[in-house]
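Biologist: I should be grateful for a close look at one part of this structure. Please explain it in terms that a first-year student can follow.

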2 protein chains.
Amino acid sequence: MRVCVLGTGVVGQALSAKMADLGHEVMVGTRDVESLLARTEGGMAGGPPFSEWIGHHPTVKVGTFAQAAAHGEVVFNATVGHASLDALGAAGAENLDGKILVDVSNPLDFSKGMPPSLFVSNTDSLAERIQRAFPQAKVVKTLNTVNANVMVDPGQVGGGEHDVFVSGDDRAAKAEVTRILREWFGWRRVLDLGDITSARGAEMVLALWVRLVPAIGTWMFNLRVVT
Amino acid sequence: MRVCVLGTGVVGQALSAKMADLGHEVMVGTRDVESLLARTEGGMAGGPPFSEWIGHHPTVKVGTFAQAAAHGEVVFNATVGHASLDALGAAGAENLDGKILVDVSNPLDFSKGMPPSLFVSNTDSLAERIQRAFPQAKVVKTLNTVNANVMVDPGQVGGGEHDVFVSGDDRAAKAEVTRILREWFGWRRVLDLGDITSARGAEMVLALWVRLVPAIGTWMFNLRVVT
């Protein structure tokens with residue numbers, strides 16, 4: 001499948017590498033391709049510079065947000081939350097219309113001290129803002145509750161017996177994303193939270209997530225819903 | 001131990017019954033004792049009228065918020081979130097000073113439609129509001145992430161292999177509450193999230209909780225942190 005991944009940080013890299021390894025035609029989208037490839041320092045989250053990473057993943061193409069979105073049959077939003085609406089605007093509504101838009105971002109606000117708070121929450125969510133801004137895209141919120149490594153290899157944590165959530169208004173889109181999560185990424189437990197407003201729940205879990213990391217001493221964890 | 005439980009709804013009843021069964025001297029606190037005992041209809045969450053419930057729990061005493069708080073060596077706040085600060089004000093700072101105040105409440109806001117949102121979240125929490133209002137009390141947030149039945153009998157769900165969180169500024173108070181959770185209520189996994197600001201995480205989980213109930217079809221569940 002032709003896949004677009006918007007964002008070139010650790011999340012975009014993890015998703016792109018996994019899908020390219022599976023044989024999908026991946027194009028990552030960025031604001032400015034030249035400056036991305038010229039950059040020699042690593043990302044905020046500690047990964048290698050993109051120019052080094054792309055050398056290890058020669059089948060992954062790089063383009064502007066618009067080129068990548070035009071390429072993709074399915075589009076992943078892996079940009080940082082505060083830049084997501086701008087990035088999607090640059091991708092262009094015409095390149096998103098009718099497509100599944102898998103929103104992996106989090107509305108983290110680092111401006112009010114650590115750990116981060118959320119710049120939208122409670123009665124709205126970033127996923128809803130994206131769906132309102134791009135009404136013809138089929139937004140499905142998922143994967144935002146786990147570390148990038150766990151996203152594409154859930155078996156690294158607790159034998160894979162933990163839950164990933166999906167939220168969205170389009171049932172067929174959620175079914176297709178659920179298939180991708182299971183068949184491509186290896187998720188065994190995919191829990192449908194409901195319509196796109198249920199992304200509030202998935203995003204607000206981050207307030208617990210940022211407290212759990214220091215409490216348990218690792219990013220490699222996930223939540224399991226136990227009944 | 002002499003225990004105070006503020007609030008007479010399903011949460012207050014579950015906590016009171018359990019602790020009375022264990023032989024503790026429980027007094028539940030309410031705004032108006034006479035009107036509580038005269039009421040013949042059940043609570044919002046479907047329990048029996050308090051007057052019927054108290055007949056099954058004859059060792060549980062009933063008093064005003066202030067009488068109950070004065071009685072308790074440890075105080076549980078099991079009032080509905082929007083009434084908690086008023087109830088604690090009626091209990092009286094002088095009856096809370098120096099005591100452990102176990103805050104089980106949730107800042108649920110039902111005024112903006114269902115499922116409820118939160119009336120405080122993100123950069124503040126109900127637990128923090130309570131701690132600021134009663135600086136001499138040792139507030140420990142816990143148990144708010146599970147149904148009343150699970151609070152006092154975690155083994156009813158998944159063999160008890162799931163997590164309850166504690167948040168608070170006073171380490172000794174958290175240690176004592178952890179002991180109570182383990183020895184009185186049977187919790188095997190108690191996870192210290194950090195200082196009282198970490199209650200934001202525990203309270204914001206409710207946004208996920210209210211979506212999980214319809215998604216999985218039961219209130220009898222909890223989250224397990226899987227590593």
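Modeller: Let us consider a pair of helices and the sheet beside one of them, bearing in mind that this is a predicted model. The axes of helix H5 (residues 81–91) of chain A and helix H6 (residues 126–133) of chain A come within 11 Å and cross at roughly 10 degrees. Angles under 35 degrees count as roughly parallel, and H5(A) and H6(A) are therefore roughly parallel to each other. On the side of H5(A), the contact is made by A:Gly81, A:Ser84, A:Leu85 and A:Leu88, while H6(A) contributes A:Leu126, A:Arg129, A:Ile130 and A:Ala133. Sorted by class, the residues in this contact of H5(A) with H6(A) comprise 5 nonpolar, 2 polar and 1 charged.

We now turn to the sheet. In chain A, 8 strands form an open sheet with mixed pairing, and their order is E3-E2-E1-E4-E5-E8-E9-E10. Strand E3 (61–64) and strand E10 (190–194) of chain A stand at the edges; each has a single partner strand, so one side of each is left without a neighbour in the sheet. From one strand to the next, the twist averages 25 degrees.

At the E10 edge, strand E9 (residues 164–168) of chain A pairs with E10(A) in the parallel sense over 4 bridges. Within these two strands, A:Val166 of E9(A) stands opposite A:Asp192 in E10(A).

Helix H6(A) links the two halves of this description, for it also packs on the sheet, where it touches strand E5 (100–103), strand E8 (138–142) and E9 of chain A. The direction of H6(A) makes about 170 degrees with that of E8(A).

Technical notes
Residues numbered from 1 in each chain as written. Chains lettered and ligands numbered in written order. Predicted model: local features only at pLDDT ≥ 70, side-chain atom pairs only at ≥ 80, totals over all residues. Axes fitted to C-alpha atoms, helices over the stretch in contact; angles between N-to-C directions. Parallel < 35°, antiparallel > 145°, perpendicular 65-115°, else oblique. Contact = placed C-beta atoms within 7 Å. Nonpolar A, V, L, I, M, F, W, Y, C, P; charged D, E, K, R; others polar. Pairing = 2+ DSSP bridges.
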